[in-house]
Amino acid sequence: MGARRVNFRLPEELVAKADVAASVTHRDRTEIVREALRSYLDEIEDDEAFRESVVELYLEDEIGFETLAEFVGRQDAESVRASKDLLDRGEAVAEDLADL
């Protein structure tokens, strides 16, 4: 997996704690922050309301299929995509009928 550089601001106390953790574990600050973010995302992915919100983002075309699959799993993502395709086709049929 490739890495992407991002810049963001953190409160001084978080930076200080990350620096202490880095010193104690003999790792760098970036690794500490990366691990903390990964842990947070792993935890929130198990939250049903979060997963439902991710599905909503996909249904509203705000995220792509691969991103959806990363959060809900490939099998569930395939089911959501199939449902979305049916809904989209249903809307197209309704529009065609309205034009008659």
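Which residues form a nonpolar patch on the surface? In this predicted model, the patch consists of Val6, Phe8, Leu10 and Leu14. Together these side chains expose about 380 Å² of accessible area. Leu14 belongs to helix α1, which spans residues 12–25. Its relative accessibility is 44%. Leu14 therefore counts as partly exposed, since the class lies between the 20% limit for buried and the 50% limit for exposed residues.

The interior was examined next. The largest nonpolar core comprises nine residues. Its members are Val54, Val55, Tyr58, Phe65, Leu68, Ala69, Val72, Ala77 and Val80. Three helices each supply at least two residues of this core: α3 (48–59), α4 (65–72) and α5 (74–98). Helix α4 gives the largest share, with four residues. Two aromatic members of the core can be checked directly against the burial limit. Tyr58 has a relative accessible area of 8% and is buried. Phe65 has 11% relative accessibility and also counts as buried. Both values fall under 20%, so both residues meet the burial condition for core membership.

Tyr58 and Phe65 also face each other as rings. A pair of aromatic rings is described by the distance of the centres and the angle of the planes. The structure holds two aromatic pairs. One of them joins Tyr58 and Phe65, with 6.4 Å centre to centre and 70° between the planes. The angle is over 60°, so the pair is classed as edge-to-face. The centre distance falls within the 6.5 Å limit, so the two rings count as a pair.

Each ring of this pair also has a charge over it. The charged end of Arg81 sits over the ring of Phe65, 3.7 Å from its centre. The charged end of Lys84 sits over the ring of Tyr58, 5.9 Å from its centre. The Lys84 distance is within the 6 Å limit, so this contact is counted.

Lys84 has a second partner. Its side chain meets that of Asp88 in a salt bridge, at 3.1 Å from N to O. Both residues lie in helix α5. They are four residues apart, about one turn of the helix. Their exposure classes are not alike: Lys84 is buried at 7% relative accessibility, whereas Asp88 is partly exposed at 35%. Lys84 thus takes part in a salt bridge with Asp88 and has its charged end over the ring of Tyr58.

Side chains of opposite charge can pair when their charged atoms come close. A search of the whole structure finds eight salt bridges. Among them are two that involve Arg27. The side chains of Arg27 and Glu31 meet at 3.9 Å, N to O. This value is within the 4 Å cut-off, so the contact counts as a salt bridge. Glu35 and Arg27 meet in a salt bridge at 2.6 Å, N to O. Salt bridges that share partners join Arg27, Glu31 and Glu35 into one network. The members of this network are partly exposed: Arg27 has a relative accessible area of 28%, Glu31 has 30% and Glu35 has 40%.

Glu31 is found in helix α2, residues 29–44. Its C-alpha atom is separated by 10 Å from that of Ala21, ten residues away along the chain. A second pair with a spacing of ten residues is Ala49 and Leu59, with C-alpha atoms separated by 15 Å. Ala49 is found in helix α3 and is partly exposed, at 46% relative accessibility.

Backbone angles were considered last. Most residues other than glycine have a negative phi, and most peptide bonds are trans. His26 has a positive phi of about 60° although it is not a glycine. His26 lies in the loop between α1 and α2. It is exposed, with a relative accessible area of 74%. Asp61 likewise has a positive phi, near 60°, in a residue other than glycine. Asp61 is placed in the loop between α3 and α4. At 59% relative accessibility, Asp61 counts as exposed. Both values of relative accessibility are over 50%, so His26 and Asp61 fall in the exposed class.

Methods. Residues are numbered from 1 along each chain as its sequence is written. This is a predicted model: local features need pLDDT of at least 70, side-chain atom pairs count only at pLDDT 80 or more; totals for chains, interfaces and linings use all residues. Side-chain values use heavy atoms; hydrogens and water are left out. Rings of Phe, Tyr and Trp (its six-membered ring) pair if their centres lie within 6.5 Å; planes under 30 degrees apart count as stacked, over 60 as edge-to-face and the rest as tilted. Buried means under 20% relative accessible area, exposed over 50%, partly exposed in between (1.4 Å probe, protein chains only). A charge sits over a ring if NZ of Lys or CZ of Arg is within 6 Å of the ring centre and within 35 degrees of the ring normal. Patches are made of residues with over 30% relative accessible area and no salt bridge: like charges are joined within 9 Å, nonpolar side chains (Val, Leu, Ile, Met, Phe, Trp, Tyr) within 5 Å. Accessible areas come from the Shrake-Rupley method with a 1.4 Å probe; for residues, only the protein chains shown count as cover. A nonpolar core is a set of buried Ala, Val, Leu, Ile, Met, Phe, Trp, Tyr and Cys residues joined through side-chain atoms within 4.5 Å.
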